[in-house]
Amino acid sequence: MKCEWVRENIVLQVYGELADDARHELEQHVARCADCAAELKAEQEFHALLAQDRAEDPTPNLLASSRMRLQEALETAQQGSFLSRLVVDPMNWLRAIRFSPALASAILIVGFAGGIGTSYKLFGARPVTGGPAVATDGSAQQAPNDASIAGINSIVQDPSTNQVSIKYNTVVPQEYHGPLNDQQVQQLLLYAARNNYNSGVRVDSVGLLAQRSSDQQVREALMYALQNDTNPGVRLKSLDALGNYVKTDTNVRDAVLRALVNDENSGVRIEALRLIEPVKADGSVRGVLMALTGKDTSQYIKSQARTMLAQLPEID
């Protein structure tokens with residue numbers, strides 16, 4: 001029962017939100033219990049990882065649009081049962097429960113994400129009615145659909161003509177053209193390599209970045225993709241782009257060695273093994289090769305590692 005209580009409160013301990021007496025009790029237990037100590041360490045490492053790679057903040061346009069639509073949805077929603085009123089009225093929660101900061105932050109994030117989904121479901125697919133809008137220069141202009149409107153700035157009616165003038169901001173896709181050495185192009189490629197949900201876009205981005213791998217920032221992005229991307233094709237392209245720097249850049253060499261040891265894809269590991277062949281005499285490389293000959297699950301990699309070690313002179 002004590003271990004169960006500790007594991008339920010480990011998150012609060014990591015965020016520094018346990019009361020002093022509870023924190024002392026948890027620390028005393030962790031000092032005696034190896035399993036709970038391992039659980040606490042894992043949670044601390046996960047928290048540190050999240051702190052290093054924070055998610056990108058939403059754009060101001062998206063934030064404003066989401067808040068506006070959520071507010072409209074809440075104002076027009078019919079009152080239902082007690083449960084539904086509790087969901088749409090967060091003040092009931094605040095009156096009933098004393099939240100800790102971490103829990104309040106989690107609920108805020110979930111609520112914001114749910115608001116975006118609800119708003120787009122309610123408004124995103126609704127067709128626009130009415131005739132063409134008139135731009136400020138007098139030309140005809142098709143009114144945007146609801147999903148592209150970020151906010152309404154002003155609404156003015158002309159009493160003499162019965163015309164309504166509405167000024168609004170829109171959220172629309174944008175396109176940028178430029179040569180590969182253009183700074184904006186490179187920044188967009190770096191962003192795509194790290195953040196895009198489409199693996200095909202990430203492959204294309206890494207393929208283009210490989211042409212500018214002499215840039216330190218690009219190499220760092222390629223190493224990040226090699227270690228973190230879920231698509232083996234992206235990892236292979238990153239590995240190929242980094243191959244020319246295994247001799248001269250120790251950070252690249254370490255990244256390739258980590259891929260050799262940890263990557264779940266055998267093709268990526270075999271390519272990493274091929275790339276380190278020119279630096280097999282390096283102490284860190286030799287140590288990895290020795291480890292591979294003893295416990296690697298791939299017979300091919302074991303055999304190649306033994307062959308590479310046999311080609312090296314004995315260490316005095």
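## Asp20 and its partners in helix H2

Let's start with a charged residue: at 57% relative accessibility, Asp20 counts as exposed, because the cut-off for that label is over 50%. The model described here is predicted. Asp20 pairs with Arg23 in a salt bridge, where the closest N and O atoms are 3.3 Å apart. Is Arg23 exposed, partly exposed or buried? With a relative accessibility of 32%, Arg23 counts as partly exposed.

You can find both Arg23 and Asp20 in helix H2, which covers residues 20-32. The two residues are three positions apart, about one turn of the helix.

## Two further salt bridges

Glu277 and Lys280 also meet through their side chains, in a salt bridge of 2.8 Å from N to O. Glu277 is partly exposed at 33% relative accessibility, whereas Lys280, at 12%, counts as buried. Back at the start of helix H2, salt bridges with shared partners join Asp20, Arg23 and Glu27 into one network.

The next pair to look at is Asp229 with Arg202, whose side chains form a salt bridge at 2.5 Å, N to O. Asp229 sits in the loop between helix H10 (216-228) and helix H11 (232-242), while Arg202 belongs to helix H9 (residues 199-209), so this pair ties together parts that are 27 residues apart in sequence. Both Asp229 and Arg202 are buried. In total, the count comes to 10 salt bridges.

## Around Gly233

Helix H11 also holds Gly233. This glycine has a relative accessible area of 29% and is therefore partly exposed. Which distance separates Gly233 from Gly200 in space? From C-alpha to C-alpha they are 9.1 Å apart, with their positions 33 residues apart in sequence.

## Charges over rings

Two aromatic residues are worth finding in the viewer for their charged neighbours. Lys2 lies over the face of Trp5, at 5.2 Å from the ring centre. Arg219 is placed over the face of Tyr245, and here the distance to the ring centre is 4.5 Å.

What about rings meeting other rings? How many aromatic pairs does a search of the whole structure find? The search comes back with zero.

## A nonpolar patch on the surface

Now for some greasy side chains: Phe46, Leu49 and Leu50 make a nonpolar surface patch of about 280 Å². One of these residues, Leu49, is found in helix H3, which runs over residues 34-52. Leu49 has a relative accessible area of 45% and is partly exposed. That value lets Leu49 join a patch, because patch residues need over 30% relative accessible area.

## The chain as a whole

Stepping back, the chain has 316 residues, and 28% of them count as buried. Its secondary structure comes to 15 helices and four strands. The accessible surface of the chain is about 21,000 Å², and carbon and sulfur atoms account for 53% of that area.

Contacts in the chain can also be sorted by sequence separation. Taking those between residues at least 6 apart in sequence, 51% join residues at least 24 apart.

Technical notes: Residues numbered from 1 in each chain as written. Predicted model: local features only at pLDDT ≥ 70, side-chain atom pairs only at ≥ 80, totals over all residues. Heavy atoms only, no water. Phe/Tyr/Trp six-rings, centres within 6.5 Å; stacked < 30°, edge-to-face > 60°. Lys NZ or Arg CZ within 6 Å of the ring centre and 35° of its normal. Patch = residues over 30% accessible without salt bridge, like charges linked within 9 Å, V, L, I, M, F, W, Y side chains within 5 Å. Areas by Shrake-Rupley, 256 points an atom, 1.4 Å probe, with all protein chains shown as cover. Salt bridge = Lys/Arg side-chain N within 4 Å of Asp/Glu carboxyl O. Buried < 20%, exposed > 50% of the residue type's maximum accessible area, 1.4 Å probe, protein only. Contact = heavy atoms within 4.5 Å.
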